[in-house]
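Here is a structure to read through in short questions and answers.

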Amino acid sequence: MKKQMILAAFAAMLATPALSQEAKVDPLQAEVLLRFAFSQAPADWAKRIAQDETMKVCSAARNAPSTAEAEKIMATAKATIKYPEDGKLMGDWKKGEAIAQSGYGMRFSDYPPRRPNGGNCYACHQMTQAEVSYGTVGPSLREYGKIRKFAEADVKAVYEKIYNAHASFPCSLMPRFGSNGVLSIDQIKDLVALVMSPDSPVNK
Amino acid sequence: MRGWRRQFAATAMAGIGLGLGIMATGFVPLAEAQTRGEADRARKAYEEHMKRMDEAEKAPTAKPAPQAQSAPAAAPKAAAAPAAPAVKPAMSQADQDAATERGLEQYRRMMKEDPWSNPALLDADRGEALWTDKRGPKKVSLAETCDLGKGVGNVDGAFAEMPRYFADVDRVMDTETRILWCMENFQDFDSTAFRKSPHPGGGQPVKDVGAMATFIASKSAGMKIASHADHPKEKEAIALGEMLFFRRQAPFDFSCATCHAESGKRIRLQPLPFLSDPKEAKVVVGEWPAYRVSNTHVMTMQHRLLDCYWQMRMHKLDFGSEVSVALSAYLYDRARGGTSAAPGLKR
């Protein structure tokens, strides 16, 4: 039904004569053309093209939302965060390290799934001293927990940041690992341990 | 003449395949050297290349590229560091990357001394034959039927002005899309199978359309990038490409801009070009199609875009789709005034 409406809207757009000099693009047109551009995608991949409100706002604002938009994004994100039932926010940093190293998951070549999804943290963040192959798209996380004296409040903040970064940083470039179902709660706990545990090589 | 070039490029390809392929990644094309004779020839070519690389290294005028400088500096740190928690190969990824980058830099330098040593020229040669030969059910050549915007059959400088509007189809096309359209319309080529799998797998040569695009690109080498932005549909394609560049989607919320809208950033050790900035776009966009060492084949712009969408957790981008043409139009618009340097050589 929704798809029909979009296609109808697209047809209406095609009928619109004379493009303006600035060639303004309707986001809806982009979405329709994306639907046409991935004809080999399985039917359940169509939802990957659609944007939720957060993605719409962040795309239009080029990740620099207004204060009002930012507040709304943060509130929406916060509402999606689920916490471990046992209340423990830290798992095993060794497992966390493996998750941080792995970029596997959710690419079309990753189906059928062969192993758990990774977080690929090192693609963008410096973490342990041993791993020198790290990216710089995100900030360095060297000694992240140590600098914060391993405070409880920061453990919670890290958990929330990994679960949905937009709750604290609207239009963050970081994937919403928890809210988007990329990583499980247990995997996120392992990553929290990697960042915040005194035993973790991140803090050595 | 053409035969000599082909033979030279073949040995060069085998050489770089053995040398850089081993250093770079696990995608080692050893299977390519199928017979004993081929393997021996490849080894000999590789040894000669290594000798020349050493000589180039010793040359006092040789300057390493900026990106090659940071990697070796980081390498000793890896050696001094305590045992890594994760399972590590004997040579760390960082050391491998640094070695790869140094090897590539030597090779790029060699290539400038001897432009015929880029393996992509083998594909350009194949592309030239495909362009001029009478092919398809209609047994006509594209050289006598296909207009790339500079008149039927005229390839000189055509690539530098792509993507552009074509009145006969009333749409904007990039080089690859136009070639396929010509094949379908003049040679009666059935593109069904091609459209399903338009790009080569690792180690396989670029497909025919890509080989022709490589040939046509080589006929604009050294010219200024002058993609068109006059016709309303050209403007529309660029604007759409820009919107798509910044559009976030899929389970990782990635857009092209996630990686390519800031200067001096990198993923792992791989530097990321700031593609929405003309200054950086001018340097890199004009290098495609390029021989990509990590894949051991020529990769075209359409293929490169598909690869980015793969990483963005989207599906296979359709060849010649409005989306792929629009993104190309945007990138070449950003790069206008830069030098068309295809076929290039990439990591």
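The turns below cover the core, one residue, the chain contact and the domains.

User: What kind of model is this, and how are residues numbered?
Analyst: This is a predicted model, where local features need pLDDT of at least 70, side-chain atom pairs count only at pLDDT 80 or more, and totals for chains, interfaces and linings use all residues. Chains are lettered from A and ligands numbered from 1 in the order in which they are written, and residues are numbered from 1 along each chain as its sequence is written.

User: Which helix gives the most to the largest nonpolar core?
Analyst: A nonpolar core is a set of buried Ala, Val, Leu, Ile, Met, Phe, Trp, Tyr and Cys residues joined through C-beta atoms within 7 Å. The largest has 114 residues, and A:Val192, A:Val195, B:Met212, B:Ile216 and B:Ala326 touch the most other members. Helices are DSSP runs (H or I, at least four residues), numbered from the N terminus. With eight residues, the top contributor is helix H13 (residues 322-334) of chain B.

User: Is B:Val325 buried or exposed?
Analyst: B:Val325 sits in helix H13 of chain B. A residue is buried if 20 or more other C-beta atoms, placed from the backbone, lie within 10 Å of its own, exposed if 12 or fewer, and partly exposed in between. Because B:Val325 has 27 such atoms within 10 Å, it is buried.

User: How far apart in space are B:Val325 and B:Ala221?
Analyst: In sequence, B:Val325 and B:Ala221 are 104 residues apart. In space, C-alpha to C-alpha, the distance is 21 Å.

User: Which helix provides the largest share of the side of chain A that touches chain B?
Analyst: Two residues are in contact if their C-beta atoms, placed from the backbone, lie within 7 Å. The contact takes 48 residues from chain A and 46 residues from chain B. Helices H2 (27-37), H3 (46-49), H4 (53-60) and H6 (93-101) of chain A each give two or more residues to the chain A side. The largest share, five residues, comes from H2(A).

User: Which element gives the most to the side of domain 1 of chain A that touches domain 2 of chain A?
Analyst: Chain A is divided into domain 1 (2-78) and domain 2 (93-203), with bounds from an automatic or database domain assignment. Here 10 residues of domain 1 of chain A are in contact with six residues of domain 2 of chain A. On the domain 1 side, H4 and helix H5 (67-80) of chain A give two or more residues. With five residues, the one that gives the most is H5(A).
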